[in-house]
Structure formats: structure tokens, C-alpha cells
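Here are my notes on the model you sent. They go point by point, with the sheet, the pockets and the backbone taken in turn.

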Amino acid sequence: MKDSKVYIIVAVEHNTGIGKNGKMPWDLKSDMKHFREKTVSTIDSEKRNAVIMGSVTWESLPEKFRPLPNRKNIVLTRNSEFDAKNDDVLVKNSLPEAISDLKEDKDIENIFIIGGASIYRQSVDMPEVDGIYITIIENSYDCDTFFPQVPGRFNKETLLKEEEENGTKIKFYLYEKE
Ligand SMILES: NC(=O)c1ccc[n+]([C@@H]2O[C@H](COP(=O)([O-])OP(=O)(O)OC[C@H]3O[C@@H](n4cnc5c(N)ncnc54)[C@H](OP(=O)(O)O)[C@@H]3O)[C@@H](O)[C@H]2O)c1
């Protein structure tokens, strides 16, 4: 098996909220840029990264942005009739199977779990996950979905950068296993 890393990537507000009514409660260009850079960039220019998401998060992407470009998109659903309307998109009904198939795929460099809440809840304790990229937005938003507590095994915290957008402080962290 090749050495793909598996990361969760998420943006949370002050109280760990991540979404409201199936959407992101904010529109912050600096976080979108960070998300794009982390999930697109590869060391090997012949490879792509993979992004795994639940069907609700897939549906929340504007049609013109899906599949997310320059990344292999995988949608998790239990609905056998689900149609992503794109031949490059993989539709899977099991998260562990999606990860192990991608780890075997020589064209994939790293794997990013990009939400939403139910997929974060299922993946945060999976031993396959090597790290968590968390953007902390230092502001409060009205949210109905939340990110679970970061497990203690991710005990190496790196502050990657700090930015400010429209008066809101944003901190970009990576949590890894020591
Ligand atoms: N702040 C952030 O960084 C961020 C990132 C992503 C999303 N979000 C937010 O999170 C919210 C969406 O979260 P959510 O929990 O409602 O939806 P979700 O996790 O995106 O999708 C849930 C769906 O995924 C499928 N699914 C879940 N577990 C599965 C499994 N083990 N096997 C197969 N399919 C599975 C099911 O689809 P079917 O019902 O089709 O079977 C389920 O209904 C939105 O508000 C979104 O904006 C925030």
C-alpha cells in the first residue's frame, strides 16, 4: 500500500459551529483559499488529492463548483439511486471502504475528509486519520451543526498562520499525532 495521508479539514466558529440549514454560515475568502491550497496541492504533479464528502455537503456546493476541480471527488451516500452527473465522481456507501480504495489508488496523493458534520463525527476517531486542519474563526455565528471535540491523540498543535478578514480574526491550525 502506498503512503497516502488522510486529513480532516474543517472551519469552525468560536463555539465549534460549522453549518446552518445545510450551508456554511460565513463567506470568508481567506478560508476558501486555504481550503483550496491544502486540498489541491500535491508534491507529485502527476497525482491528484481526493476529497471525501457526505451527500448533503455535495448538494450544498453550487453546481458550477462541483465536482471540486483538480481533485478526485468522492460522495458518500446510502442512496443507490444517487447520481452525481459526472463520470469522474466516485459514489460510495462506506467511508472505510472509500479510504482504503483511495489508499490503493496510485494516482491519488493525499485524502481529505471535507465534511459535513456526520462525516466528521464518523471519521474523527478513525485510526486512518493522520491529522486535522482546523480553521478557527474568532466570531460567533448562528449554527445548527457542530464539529466534535478533537481527540487527545492529536496532541501536536501547529499554528500555520493568522489572518484577518472584514475585522474577523482567523487562525489556521494543523493537529497531528506526535
Ligand atoms: N465548516 C465547514 O468546514 C464545513 C464543511 C463541510 C460541511 N459543512 C456543513 O455541514 C453541514 C452538513 O452536514 P450533515 O451532517 O448535515 O451532512 P453531510 O455529512 O454532508 O452528509 C450526510 C449524508 O452523507 C451520507 N452518509 C453519511 N454517513 C454515511 C456513511 N457512513 N455511508 C454512506 N453514506 C453516508 C448520507 O447520505 P444519504 O442521505 O444520501 O444516504 C447522509 O445523509 C452543512 O451545514 C454544511 O455547510 C461545514
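**Notes on the predicted model**

1. In this predicted model, start at one residue pair: E163 has I170 in β10 as its bridge partner. The two strands concerned, β9 and β10, run antiparallel and are joined by 9 bridges. They form a hairpin, with 2 residues between the strands. Look at N166 in that turn: its phi is positive, at about 50 degrees.

2. Now place the hairpin in the sheet. The sheet is open and has 8 strands, in the order β5-β4-β3-β6-β1-β7-β10-β9. Pairing is mixed. Which strands stand at the edges? They are β5 (90–92) and β9 (156–165). Each has a single partner strand, so one side of each is left without a neighbour in the sheet. From one strand to the next, the twist averages 20 degrees.

3. Elsewhere in the sheet, the pairing of β3 with β6 is parallel. β3 covers residues 48–54 and β6 covers residues 108–113. They pair over 4 bridges. I52 stands opposite I113 of β6.

4. What lies across the sheet strands? Helix α1, residues 29–40, lies across β1 (6–13), β3, β4 (71–76), β6, β7 (131–137), β9 and β10 (168–176). Against β9, the helix runs at about 140 degrees.

5. On the overall fold, the protein chain has 4 helices and 10 strands. Read from the N terminus, the elements run β-β-α-β-α-β-β-α-β-α-β-β-β-β. The C-alpha trace spans about 40 × 35 × 30 Å along its principal axes. Is the chain compact or extended by its radius of gyration? A compact globule of 178 residues would have a value near 16 Å, and this chain has 16 Å, so the two agree.

6. The largest pocket deserves its own point. It holds about 1300 Å³ of space. Its lining has 47 residues. Nearest the centre are M24, T57, S60, L61 and I114. Which elements each supply at least two residues of this lining? They are β1, β2 (17–19), α1, α2 (55–60), β4, α3 (95–104) and α4 (117–123). By class, the lining divides into 22 nonpolar, 16 polar and 9 charged residues.

7. The second largest pocket has a volume of about 150 Å³. It is lined by W58, E59, E63, R66, P67, F82, D83, A84, K85 and N86. What is the make-up of this lining by class? There are 4 nonpolar residues, 1 polar and 5 charged.

8. R66 is worth a second look. It is found in the loop between α2 and β4 and belongs to the lining of the second largest pocket. Leaving aside residues up to four places away in sequence, R66 touches W58, E59 and L61. Of these contacts, W58 and E59 also line the second largest pocket, while L61 is among the residues nearest the centre of the largest pocket. R66 and E37 are 29 residues apart in sequence. In space their C-alpha atoms are 17 Å apart.

9. Please check the peptide bonds. Where are the cis bonds described here? One joins R66 and P67, with omega at about 0 degrees. P67 sits in the loop between α2 and β4, and P67 also lines the second largest pocket. Another cis bond joins G115 and G116, again with omega at about 0 degrees. G116 is in the loop between β6 and α4.

10. One further backbone point concerns T16. Its phi is near 65 degrees, a positive value in a residue other than glycine. T16 lies in the loop between β1 and β2. Both of those strands supply at least two residues to the lining of the largest pocket.

Note on methods
Residues are numbered from 1 along each chain as its sequence is written. This is a predicted model: local features need pLDDT of at least 70, side-chain atom pairs count only at pLDDT 80 or more; totals for chains, interfaces and linings use all residues. Side-chain values use heavy atoms; hydrogens and water are left out. Two strands pair if DSSP finds at least two bridges between them. Axes are lines fitted to C-alpha atoms, for helices over the stretch in contact, and angles run from 0 to 180 degrees between N-to-C directions. Contact means heavy atoms within 4.5 Å. On a 1 Å grid over the protein atoms alone, a cavity is a set of points where a 1.4 Å probe fits but cannot get out, and a pocket is an open set with protein on both sides within 12 Å along at least five of seven lines; lining residues have an atom within 4 Å of a point. Grid points are joined across faces, edges and corners, and a volume is the space filled by probe spheres set on the points. Ala, Val, Leu, Ile, Met, Phe, Trp, Tyr, Cys and Pro count as nonpolar, Asp, Glu, Lys and Arg as charged, and the others, Gly among them, as polar. The radius of gyration is taken over C-alpha atoms; the globule rule is 2.2 Å times the number of residues to the power 0.38.
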